[in-house]
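Student: Could you take me through one part of this model at close range? I would like to see how its residues are placed and what follows it along the chain.

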Amino acid sequence: MNKNNEIRTGCDRGLCRAAVGRQDRQLNTYDWLADVPGNDETTDLVEVQFKHTRKGYYHNVNRLPLKKGDIVAVEASPGHDIGVVTLTGRLVNLQVKKANLKSEDDIKRIYRLARQIDMDKFREAKAREHETMIESREIAKGLGLKMKIGDVEYQGDGQKAIFYYIADERVDFRQLIKDLAAAFHVRIEMKQIGARQEAGRIGGTGPCGRELCCATWMKNFVSVSTGAARFQDISLNPQKLAGMCAKLKCCLNYEVDDYMEHGKQLPSRDAVLQTLDADYFYFKADILAGLVTYSTDKRIAANLETITAERAKEIIEMNRRGEKPADLQPDDQPKKKDDGPVDLLAGDSITRFDKAKKKKKKNKSKTQDTADKPKAKDTADKPQDAQPRQPKRKKPSNNAPREKQPAAQDNNNEKPKE
C-alpha cells in the first residue's frame, strides 16, 4: 500500500483507524479485517451496542453503507431503538456464535441511520433514567420486596423501559410492574442480573488501577473458585480476592492454566529431602521460576535452602535408593558460607547524626569568645585594672608564664631608649 492509499484509507503498519471505532464505548472490539476489500459484503449482519454492556445483532436488509460509530435505528418490540454500530463484516459471524443465537427470530432488522428527530427523542428518554431509577427503588421498598434495582434503560423511542434488578431470592414483582407502569406510563420489562453484570453496567476502577474488565472487554462471565487462588499460591484473604462486585476477581482465571502447567513439574509437597546433616521439609515454591524452598522445621522457617525442581527430584530419587547427599545444593555449585547475621550498620557511627549539632555549639562558643576578646584588650591597656589581679599570679604552675609577660613588656619599652 503506497503513501496515497494510506492517506485515503487511514491505514498504516497493520492498523486502521476505521477498525477502532469510538473508544468511549464499552466492549469495543478491534476489527482486524476493516481494511480488507469486500469485508462488509461477506455478511449483512451488524453488531449494535446500546447502553453499557447490552449488545444486539441485526440484519442490514437495506444494504446501508455502515461503519463503526454510526448511530442507527433498529427494530424493537414495540417501536424502535437507537444504538451504535460496533462491528461489521466477517467478525460478526464469530460474535453471533459466541452469543449462541441459533434462532433467526432473535436477529431483527436495521431500519435506517438515526435522524435528528430520533436523536431528540433518544436524549429525552435518557434524561429520565436516573429519576426513574430513584423513584422505582422507593416503590419497591414500599412493597417490601427484597430486591435492588441497579439500573434503568429507556428504549430509544421512549415507549419501553428495562429495569435491571438484583435479588438473592425469588421475587414476585407482579404488583411492582403494575405500579411502575402507572407511575411512568411506559411498557415495563424486568431483567435479573448478577453482581458481576451490575459492576459491568456501572463501571469503575479495579485495584490494578485500570478500568474493570467486565466494563471494557469481557463479554461472557466464567465462574471463579478459590482453587484458582490455591494453584497460584495466593493468600486466601477474602478482602484481597474480592473485586468491586464483592465476588472473586475474574482475573484469577487469567494465569491459572500456566500455573497448573508449571506446577506439574514441581515435586510433591509431602516429600521430605534427607541429607547427611538434617531432613528438609517443603516451605514454599516459585512456580513459574521452578524454584523450591525447604526448611529443617515443618512449622517455621529454619535454615532455608532454595533449590531447583530438578535438584529436588534428584535428591528424592537418591533417598529412594537409600542414598543421602551431603548437601541440598549440587556438587558443582559452591556452598555459600553462612557467617551468621550481617550488621549493615557495623561501619557507621551511632552518633553520626549528632555531629552537625555539635558543630553548631562549637561555632556558638567561638562567637562568644570573639565577642569577649575586645574586652580583654581594654583591660590590658588599663594599668589600674591589672594591679588588683596581681595576687592571682602567685599560683604555682598556672602563674609562671604570666609572670614573664611584664618582663617582655619592659624589654619592649627599653628598645626605643637604645
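Tutor: Happy to! On one side of helix H5, Arg-174, Lys-178 and Ala-182 are exposed, while on the other side the picture changes. This is a predicted model, and in it helix H5 covers residues 174-184, with Leu-176, Leu-180 and Phe-184 as its buried residues. Looking down the axis of H5, you find these buried residues within an arc of 40°, so they line one face of the helix.

Now follow the chain onward. His-185 sits in the loop between H5 and strand E10, which spans residues 187-192. The backbone there deserves a glance: phi of His-185 is near 60°, a positive value in a residue other than glycine. His-185 counts as exposed because its relative accessible area is 68%, and the cut-off for exposed is over 50%.

Another loop holds a similar topic for you. Arg-63, between strand E4 (55-59) and E5, also has a positive phi, near 55°, and is not a glycine. With a relative accessibility of 56%, Arg-63 counts as exposed. Strand E5 (71-75) is then followed by a loop that leads to strand E6 (80-88), and Pro-78 has its place in that loop. Do look at the peptide bond from Ser-77 to Pro-78: this bond is cis, with omega near -5°.

Notes:
Residues numbered from 1 in each chain as written. Predicted model: local features only at pLDDT ≥ 70, side-chain atom pairs only at ≥ 80, totals over all residues. Heavy atoms only, no water. Buried < 20%, exposed > 50% of the residue type's maximum accessible area, 1.4 Å probe, protein only. Helix = DSSP H or I, 4+ residues; strand = E, 2+ residues; numbered from the N terminus. Arc of directions from axis to C-beta.
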